[in-house]
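Reader: I am new to this structure. Please take me through one part closely, the helices that pack together at the start of the chain, and then show me what else the chain holds.

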Amino acid sequence: MGRKKRSILDDLMVAPWWVSPMVAAAAFLGLKYVVPAIIPETPLFLAMRSAGPTVAPYLAILLLVPMPFAYLNGRRKRQLVDTHRRISEIRGLSWREFEEYVAEIYRRRGYTVRENLADGPDGGVDIRLERDGKPHIVQCKHWKSNKVGVTVVRELYGVMVSEGALSAAVVTTGMFTEEARQFAADKAIDLIDGAQLEGLIGQPATRHAQPTQADATALDCPHCGSTLVRRKARRGSRAGQAFWGCSSFPQCRYTRNI
């Protein structure tokens, strides 16, 4: 069975509520004033010239229909994060609610978020992010007992490379195998387990939200302008500790502590 195709109404349902009136206004003005102004006054295009202004109000009303649903949907997702702060509570969510939960976390961190509304997988990508014009991808694993293995991480890395995304993240309510962590250590991949997920939502007072690879790649290396990637020190006094390093290494050796 093929995946369900997204329509503009689907996108407006999950977009911020104010997007619907903006799109509706643009469609109305375009059909009522712009189309008649640019289409030649010839018999061939006469029907199109007259149809634009006629259709304009009806299309605008149709595009306004998702607005109240988008408002309520956004409010529900915000409440989902506000009322599920601990990993024990997050594990009680359904898999779809978990994807919405993770999407809302990234939305609060300043990303433009596009969720996968299809019933089937989208190349292993559940959430697509963008900030400052730079794309990032996220896969969610609502696993309570099984550890996320290296196969999942390796496949997502392949999607990241093929799509030209600057970073990827796997977010799980469980844990990762050591092999998975080793594979991701020197790549632009975040592995966010249950404990780290609590950090991303600002779980209380003594814990701060941890930076993700997507946060790093939203910034450029101050020395050469290349993107930063997450790496792990293999030797020296900081062996085993993660840091941001320039993707142009060894030509550029800029590093930044996490």
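Author: The chain has 10 helices and eight strands. The model is predicted. Of the 258 residues in the chain, 43% are buried. Take the contacts between residues at least 6 apart in sequence: 53% of them join residues at least 24 apart.

Start with helix H2. This helix covers residues 19–38 and bends by about 40° at Gly-30. Gly-30 is also one of the buried residues of H2. The others are Val-19, Ser-20, Ala-24, Ala-27, Val-35 and Pro-36. What do the buried residues of H2 pack against? They pack against helix H1 (8–14), H3 and H4.

Look at the H3 side of that packing. Two packed helices are described by the angle between their axes and the distance between the axes. For H2 and H3, the angle is about 175° and the axes are 8 Å apart. An angle over 145 degrees counts as roughly antiparallel. H2 and H3 are therefore roughly antiparallel to each other.

Many residues make this contact. From H2 come Ser-20, Pro-21, Val-23, Ala-24, Ala-27, Phe-28, Leu-31, Lys-32, Val-35 and Pro-36. From H3 come Met-48, Arg-49, Gly-52, Pro-53, Val-55, Ala-56, Pro-57, Leu-59, Ala-60, Leu-63 and Leu-64. By class, the contact of H2 with H3 holds 17 nonpolar, two polar and two charged residues.

Now pick one residue from that list. Leu-31 sits in helix H2. Is Leu-31 buried or partly exposed? Its relative accessibility is 21%, so Leu-31 counts as partly exposed. The cut-off for buried is under 20%. Leu-31 touches Pro-36, Gly-52, Pro-53, Val-55, Ala-56 and Leu-59, leaving aside residues up to four places away in sequence. Take Gly-52 from that set. Leu-31 and Gly-52 are 21 residues apart in sequence, yet their C-alpha atoms are 4.6 Å apart in space.

Move on from H3 to H4. Helix H3 spans residues 46–64, and helix H4 spans residues 66–83. Their axes come within 5 Å and cross at roughly 15°. That makes H3 roughly parallel to H4. Where do they meet? Leu-62, Leu-63 and Leu-64 in H3 meet Pro-66, Met-67 and Pro-68 in H4. This contact of H3 with H4 has six nonpolar residues, no polar ones and no charged ones. Leu-63 and Leu-64 also belong to the contact of H3 with H2.

That is the helical part. Next come the strands.

Strand S2 covers 127–131, and a loop lies between S2 and S3. Asp-132 is in that loop. Its phi is near 55°, a positive value in a residue other than glycine. Asp-132 is exposed, with a relative accessible area of 61%.

Past the loop comes strand S3, residues 134–141. S3 pairs with S4 in the parallel sense over six bridges. In this pairing, Gln-139 stands opposite Val-170 in S4. How many residues of strand S4 (residues 167–172) are buried? Six of the six are, so S4 is largely enclosed by the rest of the structure. In a regular strand the side chains alternate between the two faces of the sheet. In S4, Ser-167, Ala-169 and Val-171 point one way. Ala-168, Val-170 and Thr-172 point the other way. Both sets are buried.

Helix H8 follows, at residues 178–184, and holds Ala-180. Ala-180 counts as buried, because its relative accessibility is 0%. Leaving aside residues up to four places away in sequence, Ala-180 touches Val-148, Gly-149, Val-150, Val-153 and Leu-191. Ala-180 and Arg-154 are 26 residues apart in sequence and 8.1 Å apart in space, C-alpha to C-alpha.

One more sheet remains to visit. This sheet is open, with three strands in the order S6-S7-S8 and antiparallel pairing. Strand S6 (228–232) and strand S8 (255–257) stand at the edges. Each has a single partner strand, so one side of each is left without a neighbour in the sheet. Neighbouring strands here are turned by 35° against each other on average, direction ignored. Strand S7 covers residues 242–246 and pairs with S8 over three bridges, in the antiparallel sense. There, Phe-243 stands opposite Asn-257 in S8.

Notes. Residues are numbered from 1 along each chain as its sequence is written. This is a predicted model: local features need pLDDT of at least 70, side-chain atom pairs count only at pLDDT 80 or more; totals for chains, interfaces and linings use all residues. Side-chain values use heavy atoms; hydrogens and water are left out. Axes are lines fitted to C-alpha atoms, for helices over the stretch in contact, and angles run from 0 to 180 degrees between N-to-C directions. Helices (H or I, at least four residues) and strands (E, at least two) are DSSP runs, numbered from the N terminus. Angles under 35 degrees count as roughly parallel, over 145 as roughly antiparallel, 65 to 115 as roughly perpendicular and the rest as oblique. Contact means heavy atoms within 4.5 Å. Ala, Val, Leu, Ile, Met, Phe, Trp, Tyr, Cys and Pro count as nonpolar, Asp, Glu, Lys and Arg as charged, and the others, Gly among them, as polar. The bend at a residue is the angle between axes fitted to the seven residues ending there and the seven starting there. Buried means under 20% relative accessible area, exposed over 50%, partly exposed in between (1.4 Å probe, protein chains only). Two strands pair if DSSP finds at least two bridges between them.
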